[in-house]
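Student: Could we go through this structure together? I would like to begin with the metal and then turn to the pocket.

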Amino acid sequence: MIDTTAAYFDAGRSAAIVNARMGPETDPRLREVMTIFVRHLHAAVREARLTGEEWMRGIEFLTAIGQMCSDWRQEYVLFSDVLGVSMLVDALNHQRPEGSTENTVLGPFHVAKAPRYANGANICLDGKGEKMLVRGRITDNAGRPVSGASVDVWQANDNGFYDVQQPGVQPAMNLRGIFTTDADGSYGFYSVRPRFYPIPDDGPVGKLLAMLGRHPNRAAHLHFIIEAKGYERVVTHIFTPDCPYLAEDAVFGVKQSLIADVRRAEENREDGALWLVDWDFVLAPH
Ligand code: BEZ
Ligand code: FE
C-alpha cells in the first residue's frame, strides 16, 4: 500500500511537503525557483514566529500594493526598488569587464519616444534651473570611439519633478531627449543641475518607508540609456557629488563609479552654462 501520510501537513517538513506537490511536467526553471522561494518563505515564517494577525497585515499590504498599480504607477516595482532587490537582480545579470560603465535602476519616469536632438541642443524647455553642460565620449573597453550610439537622457527639474509628474506645469518632454554620438564617439547637451527628489511615496510603499524610519529621497541624478549595435545596453545614472542623499538613496541606486565631477563653470560663458560635467561611457561587448 502507498503511504499517503507523508503528504499530510507537518510543520517540521512544511516546505518539502509543498514542493513535493509540483507535477512532473513543471518547467525545470520554474521548479528550481519555486522550490527555493517556498523553502525560504517557510523558513522566514518560522524564524519570525509570525502570528496570524501579522501574516494578515502582510497580505493586506500586498493587496494595497496591487490596488495602487495603474498604467503609469507600478507599486510592485517600487517595492522591489526600496528592498534593494531591483539593484541586486540587475547586478547579478550585468557583470561587465573592469572599467565598463555600470548599470543602476531604470525608475518609472522613462518615456519611450523622447525627441531626437542634434548634439549641443538644450533639453530644458522652460528655461528654469541652473544651466548645465554635459558632454563626453562613448568608447568600448579598448578606448575606441563608438559612433552612432544612442544616448537617451531624462531627469527631474530643479524642483525635483519629472515633466510627466507635472503636466500643464512643465512643458511635455521637458528635460528629456535622445542624442547620437558623432564619428569620434562624442555627445553633448545642455540641461539643468538636477536636485534630489522623493520617489512616489503616497502609497503603501511610502507608508512602509515611514514605518521603517526611512526617507523616500533619491540622490540627485540624470538618467541614461546608452545603446549601440554590438554592445550591451547600459541603463544608468550620473549623480552629482555633493548631494546629501548620496549615501542613503531610497532605492540603493548609487555606485561609486557613477558619481560625476560637476564643476562650476567659469563666469560669463557665452553659452550661459553655470555647471560643467565631462562624462564618458564605456560599453561592454554583447
Ligand atoms: C527614478 O530615479 O526616477 C526612480 C527610481 C526608482 C524608483 C522611483 C523613481
Ligand atoms: Fe530619477
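Tutor: Certainly. A donor is an N, O or S atom within 2.8 Å of the metal. Please keep in mind that this is a predicted model.

Student: Which residues coordinate the iron ion (ligand 2)?

Tutor: Y162 and Y197 each do so through OH, while H221 and H223 each use NE2, at 1.9 to 2.1 Å.

Student: And what spacing do the donors follow along the chain?

Tutor: The pattern for the iron ion (ligand 2) reads Y-x34-Y-x23-H-x1-H. Y162 sits in the loop between β2 and β3, and Y197 in strand β5, so this pair ties together parts that are 35 residues apart in sequence.

Student: Are Y162 and Y197 buried or exposed?

Tutor: Y162 counts as buried because its relative accessibility is 0%. Y197 is buried too, with a relative accessible area of 4%; the cut-off for buried is under 20%.

Student: Why is the arrangement around the iron ion (ligand 2) called irregular?

Tutor: The 6 donor atoms subtend angles of 53 to 166°, and this makes the arrangement irregular. For six octahedral donors, the ideal angles would be 90 or 180 degrees.

Student: Changing topic: how much space lies in the largest pocket?

Tutor: The largest pocket holds about 340 Å³ of space. It is lined by 19 residues, and V77, D81, S86, L106 and G107 are the closest to its centre.

Student: Which helix gives the most to that lining?

Tutor: That is α5, with 4 residues. Both α4 (75–82) and α5 (85–93) supply at least two residues each.

Student: What kinds of residues make up the lining?

Tutor: The lining of the largest pocket has 10 nonpolar, 5 polar and 4 charged residues.

How values were computed
Residues numbered from 1 in each chain as written. Chains lettered and ligands numbered in written order. Predicted model: local features only at pLDDT ≥ 70, side-chain atom pairs only at ≥ 80, totals over all residues. Heavy atoms only, no water. 1 Å grid on protein atoms, 1.4 Å probe; cavity = no way out; pocket = protein on both sides within 12 Å on 5 of 7 lines; lining within 4 Å. Points joined across faces, edges and corners; volume = space filled by probe spheres on them. Nonpolar A, V, L, I, M, F, W, Y, C, P; charged D, E, K, R; others polar. Donors = N, O, S within 2.8 Å, 3.2 Å for Na, K, Ca; no water. Tetrahedral: all angles 85-135°; square planar, octahedral: opposite > 155°, others 65-115°. Buried < 20%, exposed > 50% of the residue type's maximum accessible area, 1.4 Å probe, protein only.
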